[in-house]
Amino acid sequence: ADVKGHIGYHAAGIIPIRKSGDGSVPYDGSTNAGEWVDYIPIAKLPNLYDPPSGMIVTANQRIVGTDYPYHLTHSWAQPYRARRIFDLLSEKPKLSSDDFRRILGDVYAIAGVTFTREAVKLLRPKLTGADEKLKATLDAFEQWDGRVNAESTVAPIASQMRIAFRSKILTAALGPQLVKSYQWSNFDTTLDRVLKEQPASWLPKEFASYADLLRACHDEAIAALTKNLGADQTKWTWGALAQVRFPHPLGPAPFIGAQFVVPPFPQNGTGGLIGATVNVGSAVSMRLIADPSDWDKTQHGIALGESGVPKNPHWTDQLADWRAVTPREFPFTQPAVVRAAKETLVLEPAK
């Protein structure tokens, strides 16, 4: 991005071109079928310059279409974050730094909303007078704003139901052994389609309908939450279920470990239990909002602080801003850097 309003994107990296295949499974080492014969030319790597939409969105999702002539990977992230970012950027023609900060902190779960709406559609007509817990869940689903914040009492049930649904669908398709090693990150989008279209071929044989399957998933979710969070459902919040933790390699060490422990706290957002949100909770390592109109008003923040020494004042001095999604001004020009500097560290080679 530059001061004249141009924006561009160019994927960087050395990506091999193979003689055959895409490298996703092992080759027969006695042949040269898997040899690298070249690299994707830099000019042919995915790139954009001043797209008509005025937006470039990347959130680890698939960035090329099926007509792209080279293989990059099969392991794209779920598309939910990119979709949500695109929707938020499209809300108005001009956005401020505060708008970008709001987007970075967004915890709306597209996959969670898809799941809960379909669950209501399937289960509401099947309710009986004895289904008090299920009715309460469906009522909550209907009123849910889709946000996975720490206070949400709907997100825990929705996430556990979706986890149970995913597990039962995959176990039926792959078997109890193979499912343990299944790791394709994008299956969640397939899961959305299975729930919406309800194909008979994907329904586990022990269930007569998808409504019966979802009812079982609800019972399983309630049991799991009772076991993990207790019987008092008023305490079933997303923050109780999902905690932010910053484990340190020296944390378990006797005598000295305690000083490296940052106490866990309730998380906002999710990295995938209910479909990733823009704010992926503890997985957010850095936030940056660049301001080409005044580079010195650029905002930047990291999760803890820039010092790795627990007794240093900069050990966790950025944590409060990280939690609040309020990155601080980040001096860019030399005069601004000099004005903001608190201390200077000079590293010299040993003599």
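A salt bridge is taken here as a side-chain nitrogen of Lys or Arg within 4 Å of a carboxyl oxygen of Asp or Glu. By this rule, E91, K92, D99 and R102 are linked in a network of salt bridges. The structure is a predicted model, and its count of salt bridges comes to 16.

Several individual pairs help to show how the chain is held to itself. In one of them, the side chains of R84 and D106 meet with an N to O distance of 2.8 Å. Because R84 belongs to helix 1 and D106 to the loop between helix 2 and helix 3, this pair ties together parts that are 22 residues apart in sequence. Both partners, R84 and D106, are buried. A further salt bridge joins the side chains of E142 and R124, at 2.6 Å from N to O. Here E142 sits in helix 4 (residues 132-143) and R124 in the loop between helix 3 and helix 4, so the parts tied together are 18 residues apart in sequence. R124 has a relative accessible area of 25% and is therefore partly exposed. In general terms, side chains of opposite charge can pair when their charged atoms come close.

R84 also leads into a description of helix 1, which is mostly covered: seven of its 10 residues are buried. These buried positions are Y80, R81, A82, R84, I85, L88 and L89. The cover over them includes helix 2, helix 3 (110-123), helix 5 (155-174) and helix 6 (187-197). Helix 2 (residues 97-104) additionally lies across strand 7 and strand 8, and runs at about 155° to strand 7.

Those two strands belong to an open sheet of three strands, with the order 7-8-9 and antiparallel pairing. Strand 7 and strand 9 stand at the edges with a single partner strand each, so one side of each has no neighbour in the sheet. Four bridges connect strand 7 (residues 286-289) with strand 8, whereas two bridges connect strand 8 with strand 9 (residues 328-329). On the strand 7 side, R287 has G301 of strand 8 as its bridge partner, and I289 stands opposite Q299. On the strand 9 side, H300 is partnered by R328.

Strand 8 (residues 299-302) presents its side chains to alternate faces: Q299 and G301 point to one face and are buried, while H300 and I302 point to the other and are not. Such alternation between the two faces of the sheet is what a regular strand shows. The bridge partner of H300, R328, takes part in a salt bridge as well, with its closest N atom and the O atom of D321 being 2.6 Å apart. R328 counts as partly exposed at 37% relative accessibility, and D321 likewise counts as partly exposed, at 21%.

Some backbone details in the loops are worth a look. Most residues other than glycine have a negative phi. V325, in the loop between helix 9 (319-324) and strand 9, has instead a positive phi, near 55°. V325 has a relative accessibility of 8%, so this residue counts as buried. N60 too has a positive phi, near 70°, and its place is in the loop between strand 4 (47-49) and helix 1 (80-89). N60 is exposed, with a relative accessible area of 60%.

Turning to the surface, I14, W36, Y39 and I42 make a nonpolar patch of about 480 Å². Patch membership requires over 30% relative accessible area, and I14, at 60%, is exposed. I14 lies in the loop between strand 1 (8-10) and strand 2 (16-18).

Finally, P199 is found in the loop between helix 6 and helix 7 (210-229). P199 touches V194 and Y210, leaving aside residues up to four places away in sequence. At 24% relative accessibility, P199 counts as partly exposed. P199 and L48 are 151 residues apart in sequence, and their C-alpha atoms are 38 Å apart in space.

Terms used. Residues numbered from 1 in each chain as written. Predicted model: local features only at pLDDT ≥ 70, side-chain atom pairs only at ≥ 80, totals over all residues. Heavy atoms only, no water. Buried < 20%, exposed > 50% of the residue type's maximum accessible area, 1.4 Å probe, protein only. Pairing = 2+ DSSP bridges. Patch = residues over 30% accessible without salt bridge, like charges linked within 9 Å, V, L, I, M, F, W, Y side chains within 5 Å. Areas by Shrake-Rupley, 256 points an atom, 1.4 Å probe, with all protein chains shown as cover. Contact = heavy atoms within 4.5 Å. Axes fitted to C-alpha atoms, helices over the stretch in contact; angles between N-to-C directions.
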